Amino acid sequence: MQCRGESLQWNSGCQHPQRCPLRALKLLFYSRSGQSSRWIEALHQALPGAEIRLYGEATSDWQADYALLWQPPPELLRSQRRLRGIFNLGAGVDALLANPGLPEEVPIYKLRDAGMAAWMLDYIRYGLLHFGRDMDRYREQQRLRCWQPREIGHRAQWPVGVLGLGALGSEIAAALSVEGYSVSGWSRTPKSIPGVDCYAGETTLAPFLSRCRVLVSILPATVDTRHLLNLERLQRLPEGAVVISCGRGEVLDSQALLALLDSHHLRGALLDVFEQEPLPTDSPLYDNERLIITPHISAPTPIEGAIEQIVEGIGRLESGAPLPAVDRQRGY
Ligand code: NDP
Ligand code: OXD
């Protein structure tokens, strides 16, 4: 955001700091995933002059202009009565929308990519290589002390379907297509992405699923996506298909997944997200050898990328420019 003297000041090189009304901006920060001191330090560097407080250090009468939050306690939201916007420090807003302290009238802004797509793409690449290069089968062979090379399938023989073509899904689908996979994608509204065969709407879901040897879910958790991948839909995947789930766990019916692994309709799955997190220690998912389970790490929020986007966003709001907010009705 460029300094315009009397209107904005967003960098230490500003020529007109004394005239900038935004010097006195008040920002409240809270993240349940830790690293707060790194965030605060980076925020101070990006917004010299702004008053930035960590929740817990702010007194109850201190009211912020904007809150930068990840999974805040309800009392934080209830205690802030003058917020002009809430910046969600991640892409998924399901937890924030379900927060009982969330004020109705304050707009919510979420991160769009900010570096997360690159992390998630690597995670998905790992899954594609794991199954595509038969690492699951070689692991079993190792257990049996069996030496048997397998023929390598070309990437084009691994049709990948990406559920959700938003900020993350669209970038990931396009990148996988460039890497030689045959890629299709599915979303609520029609899309056009170079190299990606795009499907839209519920009526196209069955034909979409029937062509996916690897199904990648990058959908948000909403009322409409809950258990979207149920038994009937998962059965539409070709025999021997693989699931990679890195959007939200609520989208996938894990009982149905286990049933289809047991019946050998599905070959395996790489799961990063779960309906209940942390995944309870007694979950049967842990016991299934054809599942790889990771603790919600496919795409952590990169601090620098996030702050750059938030600073740009606040700059836009303060100068009266539009900034798309989360659609609370749709849930993402
Ligand atoms: P976006 O909001 O940009 O995109 C969401 C996509 O899902 C859109 O393409 C949207 O369609 C589609 N969608 C939503 N509801 C439906 C539906 N009912 N039917 C069909 N398509 C639907 O989100 P992002 O790409 O930024 O992120 C996606 C999700 O990934 C986040 O919500 C979060 O839950 C998860 N995530 C997980 C991380 C991890 O570490 N595991 C890290 C970051 C994000 P349309 O475009 O037509 O509206
Ligand atoms: C996110 C996440 O939504 O980390 O950003 O899950």
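Which backbone N or O atom lies 2.9 Å from an oxygen atom of ligand 1? The one to look for belongs to leucine 168. A quick note before the views: this is a predicted model, where local features need pLDDT of at least 70, side-chain atom pairs count only at pLDDT 80 or more, and totals for chains, interfaces and linings use all residues. Residues are numbered from 1 along each chain as its sequence is written, chains are lettered from A and ligands numbered from 1 in the order in which they are written, and side-chain values use heavy atoms, with hydrogens and water left out.

**View 1. Polar contacts of ligand 1 (pairs of N or O atoms within 3.5 Å).** Besides leucine 168, cysteine 246 has a backbone N or O atom 3.1 Å from a nitrogen atom of the ligand. Aspartate 272 uses a polar side-chain atom, 3.0 Å from a ligand nitrogen. The protein covers 93% of the 930 Å² of accessible area (Shrake-Rupley, 1.4 Å probe) that ligand 1 has on its own.

**View 2. The shell around ligand 1 (residues with a heavy atom within 4 Å).** There are 31 residues here, with Lys110, Ala167, Thr189, Lys191 and Tyr332 the closest. Domain 1 (24-112 + 300-328) and domain 2 (114-291), with bounds from an automatic or database assignment, both chip in residues, so the ligand lies between them.

**View 3. The second largest pocket.** Sixteen residues line this pocket, and Asp136, Arg137, Glu140, Glu289 and Arg290 lie nearest its centre. A pocket is an open set of 1 Å grid points where a 1.4 Å probe fits, with protein on both sides within 12 Å along at least five of seven lines; lining residues have an atom within 4 Å of a point.

Technical notes
A polar contact is a pair of N or O atoms within 3.5 Å; within protein, one must be able to donate a hydrogen and the other to accept it, and residues adjacent in sequence count only if both atoms are side-chain atoms.
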